[in-house]
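Here are some notes to read with the structure open beside them. Please find each residue on the model before moving to the next point.

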Amino acid sequence: MSSQVRLRLLPRARCMFDEPLQVKVAGLRSRQVVTLRARATDEKGVMFSSMATYKADGSGEVDLQRDPSLSGTYTGVQPMGLLWSMRPDTLHKRFIKTCSLNPQVVKFSVHEEEGGMLAEATNERLLVGDGVIRCPVKDGNIRGVLFTPPGEGPFPAVLDLYTFGGGLSEKRASLLASRGFVVLTVALYGYDDMAKNIKEVHLDYFEEAIAFLKKQDKVGSKAVGVISISKSGDLALSIASNLPDVGVTVWINGCSANTMLPLYYNKSQILPALMFDMSRMIPTESGAFNCKYVLQNPLAEENKATLIPIERAEGRFLFVASEDDLNWDSKAYVENMVERLQRHGKDNFESVCYPGAGHYLEPPYGPYCPSSLHGVAGKPVLWGGEATSHAAAEVHLWRKIQEFLRTHLSCDAPQTKARL
């Protein structure tokens, strides 16, 4: 390792997961060609890594905000490329970061063309901001984790649905709380003392979760927001269409119909399930399957009973679709829903589509996932997208979600004590 070469992470080496980082190298020879590497291990012990080749300027410096990568896991000027282009050392693995307690630890290093290391630095990417309170919830039927921001509030309340695949994911909820929202993320099965698998979904569970969330001391919004992705997208639509007190629904790459499991409310089935036809899975050379058209058509006459009556919803919708989603045709489902709302004279929605993005749109700067095991198919599937476009979509969407929630979940002013 060279004592003269310095690798700097700005503004600091310890930051929030969703914060950009400036990577700079100094002390190189003029025009020296070097390779920068990043590596991190996920909760399952899978190693992810990236690399990019850079040429120093005349002063022997490399600045990833200014300089292009000449080759590697990405090319061009991409300041955060070393993070989002990290790839697993085993095929078809998704970066698993579900618990908020431990930061994502990324090791950055600079290497000579021959491979020798010149400098290294560590970046800790936190999921819980300073002062955010994390409280596991086991209340009635509810199983999950509540995140509360620091300060008196009042804050908008959000119910985070990351419910399929079993277990609980805290990442998005903890990051939203760090940005000023009271967030409850709930499990539906496969967590704590809950059943390992389920054959039906009951809206009553989410009604209980919303009531619990609204009772929290720092919650100031009269209504709650619901944020979802994939299968939980149709659950969010059903919650907004059937339950009171839902002011905002963020739907990311979901379906417009109730999928996989029948939906019940007050012990009665309210929606049958739109099912998959696994014979339509298309194998690819990578070993992963393309399952974009595996789900039955919700607009076919025999399936229309599965469509969710979103025109009943009083709150606002943010529909988000990736145009290269290979899990299913999210963009077509958005078009279906927009047409349905307009036909009922409603304008309580916004929609945004991202060209070149794949299915898993998450908080930004995590490793892009092209393929991984599908919980329903039981096989690895392609999620779609191109890494650079997908990473840009995640940055834009994360800002959009926060802005949308703040705009439409108004809070009462904090109560002030009268002065004598």
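The points below go through open and enclosed space, one helix, the aromatic rings and two single residues.

1. A word on the source. The model is predicted, and every value below was computed from its atoms.

2. The largest pocket. This pocket holds about 1200 Å³ of space. Its lining is made up of 41 residues, and the closest to its centre are Phe-164, Gly-165, Tyr-360, Leu-373 and Gly-375. Helix H4, residues 231-242, and strand E24, residues 371-373, each give at least two residues to this lining. Sorted by class, the lining has 18 nonpolar, 15 polar and eight charged residues.

3. The largest cavity. How many cavities of 30 Å³ or more does a search of the whole structure find? The search finds two. The largest has a volume of about 130 Å³. Among the residues that line it are Arg-94, Phe-95, Lys-171, Tyr-360, His-390 and Glu-394. Six residues of this lining are nonpolar, two are polar and four are charged. Tyr-360 is worth marking on the model: this residue lines the largest cavity, and it is also listed with the residues closest to the centre of the largest pocket.

4. The second largest cavity. Here the space is about 50 Å³. The lining consists of Arg-172, Ile-252, Leu-361, Glu-362, Pro-363, Glu-394, Leu-397, Trp-398 and Ile-401. Helix H6 contributes the most to it, with four residues. By class there are six nonpolar and three charged residues, and no polar ones. Glu-362, Pro-363 and Glu-394 appear in this lining and also in that of the largest cavity.

5. Helix H2. Is this helix, residues 171-178, mostly covered or mostly open? It is mostly covered, with seven of its eight residues buried. The buried ones are Lys-171, Arg-172, Ala-173, Ser-174, Leu-175, Leu-176 and Ala-177. Two of the names recur from the points above: Lys-171 lines the largest cavity, and Arg-172 lines the second largest. Just after the helix, Gly-180 has a positive phi of about 105 degrees.

6. Aromatic pairs, part one. A pair of rings is described by how far apart the centres are and by the angle between the planes. This model has eight aromatic pairs. In one of them, Phe-48 and Phe-95, the ring centres are 5.0 Å apart and the planes lie at 70 degrees; the angle is over 60, so the pair counts as edge-to-face. Phe-48 belongs to strand E5 (residues 47-55), while Phe-95 is in the loop between strand E8 (87-88) and strand E9 (104-112), so the pair ties together parts that are 47 residues apart in sequence. Phe-48 counts as buried because its relative accessible area is 1%, under the 20% limit. Phe-95 is buried too, at 7%.

7. Aromatic pairs, part two. The rings of Tyr-360 and Trp-383 have centres 4.9 Å apart and planes at 75 degrees, so this pair is edge-to-face. Tyr-360 lies in the loop between strand E23 (349-354) and E24, and Trp-383 in the loop between strand E25 (380-382) and helix H6 (387-408); the two are 23 residues apart, and the pair links distant parts of the chain. Both Tyr-360 and Trp-383 are buried. Elsewhere, Trp-251, Phe-317, Phe-319 and Phe-349 make up one aromatic cluster.

8. Charges over rings. The ring of Tyr-360 has the charged end of Arg-94 over it, 3.8 Å from the ring centre. Arg-94 and Tyr-360 are both among the residues lining the largest cavity. In another case, the charged end of Lys-379 sits over the ring of Phe-289, 5.0 Å from its centre.

9. Asp-329. This residue is in the loop between strand E22 (316-322) and helix H5 (330-343). With a relative accessible area of 22%, Asp-329 is partly exposed. Apart from neighbours within four places in sequence, it is in contact with Lys-292 and Tyr-293. The C-alpha atoms of Asp-329 and Cys-291 are 9.8 Å apart, with their positions 38 residues apart along the chain.

10. Gln-402. Which helix holds Gln-402? The residue lies in H6. Gln-402 is buried, at 10% relative accessibility. Leaving out neighbours within four places in sequence, Gln-402 is in contact with Leu-176, Arg-179 and Phe-181. Of these, Leu-176 is one of the buried residues of H2.

Note on methods: Residues numbered from 1 in each chain as written. Predicted model: local features only at pLDDT ≥ 70, side-chain atom pairs only at ≥ 80, totals over all residues. Heavy atoms only, no water. 1 Å grid on protein atoms, 1.4 Å probe; cavity = no way out; pocket = protein on both sides within 12 Å on 5 of 7 lines; lining within 4 Å. Points joined across faces, edges and corners; volume = space filled by probe spheres on them. Nonpolar A, V, L, I, M, F, W, Y, C, P; charged D, E, K, R; others polar. Buried < 20%, exposed > 50% of the residue type's maximum accessible area, 1.4 Å probe, protein only. Phe/Tyr/Trp six-rings, centres within 6.5 Å; stacked < 30°, edge-to-face > 60°. Lys NZ or Arg CZ within 6 Å of the ring centre and 35° of its normal. Contact = heavy atoms within 4.5 Å.
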